[in-house]
Amino acid sequence: MKTRFFLFSLAFVVISGSALAASRTVTLDVKNMTCTVCPLTVKKALEHVAGVQQVSVSYADKTATVRFDDAATTAGQLTEATKNAGYPSFIKVK
């Protein structure tokens, strides 16, 4: 009986674990975008971050909007990715 309860509990934790993860959206102010190719580089850098679900980069606004799984990555990891690609970014405060 204890074994069944343990297996049931384990299955519940595994199934509900993904339910605890939430999709989050953040907008980044991206510096150093000086040409129309720059947003492609920024987008590719962000898409390589684990947990990123969608990326939209605006050259005109110098921003990147990123939807991501907050159980897999953080906003800090997103800004680190753009910095490593040569485009420092900061979380845009609304």
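These notes walk through a predicted model of one protein chain.

1. **Overall layout.** The chain has three helices and four strands. In sequence order, the elements run α-β-α-β-β-α-β. This pattern is a useful map for the points below.

2. **Burial and surface.** The chain holds 94 residues, and 27% of them count as buried. About 6400 Å² of the chain is exposed. Carbon and sulfur atoms supply 61% of that area.

3. **Long-range contacts.** Take the contacts in the chain with a separation of 6 or more. Residues 24 or more positions apart account for 62% of these.

4. **The nonpolar core.** Nonpolar side chains tend to be buried together in soluble globular proteins. Here, the largest nonpolar core has 16 residues. Which members touch the most other members? They are Leu-28, Val-30, Val-42, Leu-46, Val-52, Val-66 and Leu-78.

5. **Who builds the core.** Five elements each supply at least two residues of this core. Two are helices: H2 (38-47) and H3 (75-84). The others are strands S1 (23-30), S2 (52-58) and S3 (63-69).

6. **Leu-46 in detail.** Leu-46 is worth a look in the viewer. Setting aside residues up to four places away in sequence, Leu-46 touches Leu-28, Val-52, Val-55, Ala-64, Val-66, Leu-78 and Thr-82. Of these partners, Leu-28, Val-52, Val-66 and Leu-78 are also among the core members that touch the most others.

7. **Thr-63.** This residue is found in strand S3. Is Thr-63 buried or exposed? Thr-63 counts as buried because its relative accessible area is 8%, and the cut-off for burial is under 20%. Beyond its neighbours within four places in sequence, Thr-63 contacts Thr-27, Leu-28, Asp-29 and Val-30. The contact list also includes Met-33, Ser-56, Val-57, Ser-58 and Lys-92.

8. **Asp-29.** Asp-29 lies in strand S1. With 24% relative accessibility, Asp-29 is partly exposed. Leaving out residues up to four places away, Asp-29 touches Lys-62, Thr-63, Pro-88, Ser-89, Phe-90 and Lys-92.

9. **Asp-29 and Thr-63 together.** How many residues apart in sequence are Asp-29 and Thr-63? The answer is 34. In space, their C-alpha atoms are 4.7 Å apart. Lys-92 appears in the contacts of both Asp-29 and Thr-63.

10. **Salt bridges, the count.** Side chains of opposite charge can pair when their charged atoms come close. Across the whole structure, a search finds two salt bridges.

11. **The bridge in helix H2.** Glu-47 and Lys-43 meet through their side chains at 4.0 Å, N to O. The two are four residues apart in helix H2, so about one helical turn separates them. Both ends are partly exposed: Glu-47 has a relative accessible area of 43%, and Lys-43 has 31% relative accessibility.

12. **The bridge in helix H3.** Lys-83 and Glu-80 form a salt bridge at 3.6 Å, N to O. They are three residues apart in helix H3, so the separation is again about one helical turn. Lys-83 is partly exposed at 46% relative accessible area. Glu-80 is partly exposed too, at 36%.

13. **Rings.** How many aromatic pairs does a search of the whole structure find? It finds zero. A ring does meet a charge, however. The charged end of Lys-62 sits over the ring of Tyr-59, 3.9 Å from the ring centre. Lys-62 also touches Asp-29.

Conventions
Residues numbered from 1 in each chain as written. Predicted model: local features only at pLDDT ≥ 70, side-chain atom pairs only at ≥ 80, totals over all residues. Heavy atoms only, no water. Phe/Tyr/Trp six-rings, centres within 6.5 Å; stacked < 30°, edge-to-face > 60°. Lys NZ or Arg CZ within 6 Å of the ring centre and 35° of its normal. Core = buried A, V, L, I, M, F, W, Y, C linked by side-chain atoms within 4.5 Å. Buried < 20%, exposed > 50% of the residue type's maximum accessible area, 1.4 Å probe, protein only. Contact = heavy atoms within 4.5 Å. Areas by Shrake-Rupley, 256 points an atom, 1.4 Å probe, with all protein chains shown as cover.
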